[in-house]
Amino acid sequence: MAFAKTTNPRSTPPESAAVVLPNNIFITTMFWATMGFLYLPLAYLVVQAFLTDPGNIASGFTTDWVVALLHGDSLWEPLMNSLIIGVASATIATFIGTLGAVGFGPFSTVLPPSLTALIMLPILIPEVITGLSLLLFFLLFRFELGATTVVLAHASFSASFVYFIMIEQLRKLDPNLGEAAYDLGAEPGQIFWKVILPNIVPGLIAGWLLSFTISFDDFLISFFTSGAGLITLPLKIYSLMRIGFSPELNAMSLVMICLSTGLVMVLWSKEQSRKWVISGS
Amino acid sequence: MKKLVLRLRDWPPSAWIFFAWLVTLSVLPFLIILAMSFAVRSESGLISWTFTLANYERAFHLVYLKVLAKTIFLSLGATITCLLVGFPVAYYLARATPEKRQMGLMLLFIPFWTNFILRIYGIVSIFGNHGLLNQTIMRLGLTDSPIEILYTRFGIYLGLVYNYLPFLVVPIFSALEKFDLSLREAAMDLGANRWQTFTRVLLPNVREGIAIGSLFVFIPMMGEYVIPDILGGAKEVFLGRVMVEQFFTMQDWPFGSALASVLSMGLMIAVWVRMRFEQRKAGPTSHGLR
């Protein structure tokens, strides 16, 4: 007792020790249980693709379904469509978004909040509203629904993501760089192509990849703006899903999971796009 | 040094191109929805641009008020569940080492970069009538026929929680991250117990950030179409589903647009609240939303 009294309670109180400890058992359990809840459905999709009888977990494993899918035609057309739409929309979005960042970049600290909010708008608006409003827009202006409208729709909001990535990238650029090049006799065109551009390439790549990933994974906006003819991979999975469980659907889900996860890993590995992975889309 | 001010005539051409793009493909479509919500759909199904408030009045008919009530009930329930589950998850991340924190955030978001339809299919594969869960309990002999978890109101709830959870963990996490943990320690040193420290010190400090984060989850939830459509079965009504059906099944664009406009207004208010909040927190120099 005497010992306890002479010790300063503030230096080693038991409660204070709890603050430094990483996390208590309840918090840690909740965290990992939640992760389990989030990953179980996706992990099971992977397992399911290899089940001999997809309706029976005890039926044993086979790679037949996946092999059949890779050798059949049902996968390749939607996959190619998704890739083409992804590449096209990402390229347009990167171009437009970069133009915006280069144009507004010097003013980015004094941009009125309303303008920033406007640029943010396509990111914040729920997908369902974006999809419906673009659908009405395309119909009223007599666009023929198909690959073009889907590309435009994807690029419309991806451009804003690229804009924010490029603004950050340009901010890191030394403002004296252009001036130094100018003093050394470079012309404006040369300054852009030989001095500025090589320095913002990482941002361009990250912005392009982010746009591509968003386009590749998008379901809802493609669903609204694609019309009847065009089938992307997510649309194909959706239409198979409406019919019910099938080995083909399971194998296709596996392909999609692998591609999506690969893409997000790449985004995560790039410093410029990492924070957008966390804010989600 | 001259103060840098952005005037319209100073905008370089590249800024104009980007601006025109935004206006054409984001603002204009949105204005079309807004305009359409005041238009009339004639008997023949054509749109006539005569101003009317009838579409909004219709949204207040008893049948749609019931839809709204059910939607709010489900979305609110899902948001609260996300809060209750998301808080410990965010707390874990906020107190983890920087490396663990990065890994944890990545783990949290990987599922959300796999395609949305796959996440729904994953839920069906686990909780559906022929899914893993029902297969397992039937094999164990606990029941003869599958338990109907999906294709009910609960199915929608499950889908909402699953799909929106990380988007609520992030705002809680950033609120907790800003919270000075030594305050917690100080409260305990001053004799507060764990519960008091939580309710009187921690919560008041993170309340606003969490409330705004919840709004950004709650409003988009109400507009969900695919989740109620696939996980909710044929009978369950939901605002987003009713809205999308106006466009595709009913061909009543004006009424669908009115529902979409109301939902968007809700979101605009959320954006406005967040901007006000962040300006107040960060002082007048702050701009932007993130």
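These are my notebook entries on a predicted model of a complex with chains A and B.

**Entry 1. Confidence**

I started with the scores for the whole complex. The predictor gives an ipTM of 0.87 and a pTM of 0.87.

Then I took chain A. Its mean pLDDT is 86, and 91% of its residues reach 70 or more. I looked up the extremes among its elements. Helix H1 (residues 2-6) of chain A has the lowest confidence, with a mean of 37. Helix H5 (residues 76-104) of chain A has the highest, at 95. Residues 1-21 of chain A stay under 50 in pLDDT. For that stretch the model has eleven contacts beyond four places in sequence.

Chain B came next. It averages a pLDDT of 87, and 95% of its residues score at least 70. I marked residues 284-290 of chain B, where the pLDDT is below 50. The model gives this stretch 13 contacts beyond near neighbours in sequence.

**Entry 2. Where the chains meet**

I asked how many residues each chain puts into the contact. Chain A supplies 77 residues and chain B supplies 73 residues. On the chain A side, helix H3 (residues 25-48) gives the most, with 14 residues. I sorted that side by class and noted 56 nonpolar, 18 polar and three charged residues.

I picked one residue of chain A to follow across. A:Gly103 sits in helix H5 of chain A. Its contacts, leaving out residues up to four places away in sequence, are B:Trp11, B:Pro12, B:Ser14, B:Ala15 and B:Phe18. Is A:Gly103 buried or exposed? I put it down as partly exposed, because 19 other C-beta atoms lie within 10 Å. I also checked A:Gly103 against A:Ile243. The two are 140 residues apart in sequence, and their C-alpha atoms are 49 Å apart in space.

**Entry 3. Domains of chain A**

The domain assignment splits chain A into domain 1 (2-48) and domain 2 (67-279). I noted 38 Å between the C-alpha centres of domain 1 and domain 2 of chain A. Four residues of domain 1 of chain A are in contact with four residues of domain 2 of chain A. On the domain 1 side of chain A, I found three nonpolar residues, one polar residue and no charged residues.

**Entry 4. Chain B overall**

I listed the elements of chain B. There are twelve helices and two strands. From the N terminus, the order is α-β-β-α-α-α-α-α-α-α-α-α-α-α. The C-alpha atoms of chain B fill a box of roughly 80 × 75 × 35 Å along the principal axes. Of the 290 residues in chain B, 42% are buried. I also looked at contacts in chain B between residues at least 6 apart in sequence. Of these, 66% join residues at least 24 apart.

**Entry 5. Two helices of chain B**

I took helix H5 (residues 116-127) of chain B first. Its twelve residues reach 17 Å from first C-alpha to last, close to the 16 Å expected at 1.5 Å a residue. H5(B) is mostly covered, with eleven of its twelve residues buried. The buried residues include B:Arg119, B:Tyr121, B:Gly122 and B:Ser125.

Helix H9 (residues 194-222) of chain B gave another result. It spans only 36 Å between its end C-alpha atoms, where a straight helix of 29 residues would span 42 Å. Where does H9(B) bend? I found a bend of about 55° at B:Leu203. A proline, B:Pro204, follows within four residues. I listed the buried residues of H9(B), among them B:Val206, B:Gly209, B:Ile210, B:Gly213 and B:Phe216.

**Entry 6. Positive phi in chain B**

I went through the backbone angles last. Most residues other than glycine have a negative phi. I noted two residues that go the other way.

B:Tyr151 is not a glycine, yet has a positive phi of about 60°. It lies in the loop between helix H6 (132-139) and helix H7 (153-178) of chain B. I class B:Tyr151 as partly exposed, because it has 19 C-beta neighbours inside 10 Å.

B:Gln251 also has a positive phi, near 60°. Its place is the loop between helix H11 (239-248) and helix H12 (253-282) of chain B. Why does B:Gln251 count as exposed? It has 11 C-beta neighbours inside 10 Å, and the cut-off for exposed is 12 or fewer.

Technical notes: Residues are numbered from 1 along each chain as its sequence is written. Chains are lettered from A and ligands numbered from 1 in the order in which they are written. This is a predicted model: local features need pLDDT of at least 70, side-chain atom pairs count only at pLDDT 80 or more; totals for chains, interfaces and linings use all residues. pLDDT is the predictor's confidence in each residue, from 0 to 100. Two residues are in contact if their C-beta atoms, placed from the backbone, lie within 7 Å. Ala, Val, Leu, Ile, Met, Phe, Trp, Tyr, Cys and Pro count as nonpolar, Asp, Glu, Lys and Arg as charged, and the others, Gly among them, as polar. Domain bounds come from an automatic or database domain assignment. The expected span of a helix is 1.5 Å times one less than its number of residues. The bend at a residue is the angle between axes fitted to the seven residues ending there and the seven starting there. A residue is buried if 20 or more other C-beta atoms lie within 10 Å of its own, exposed if 12 or fewer, and partly exposed in between; C-beta atoms are placed from the backbone.
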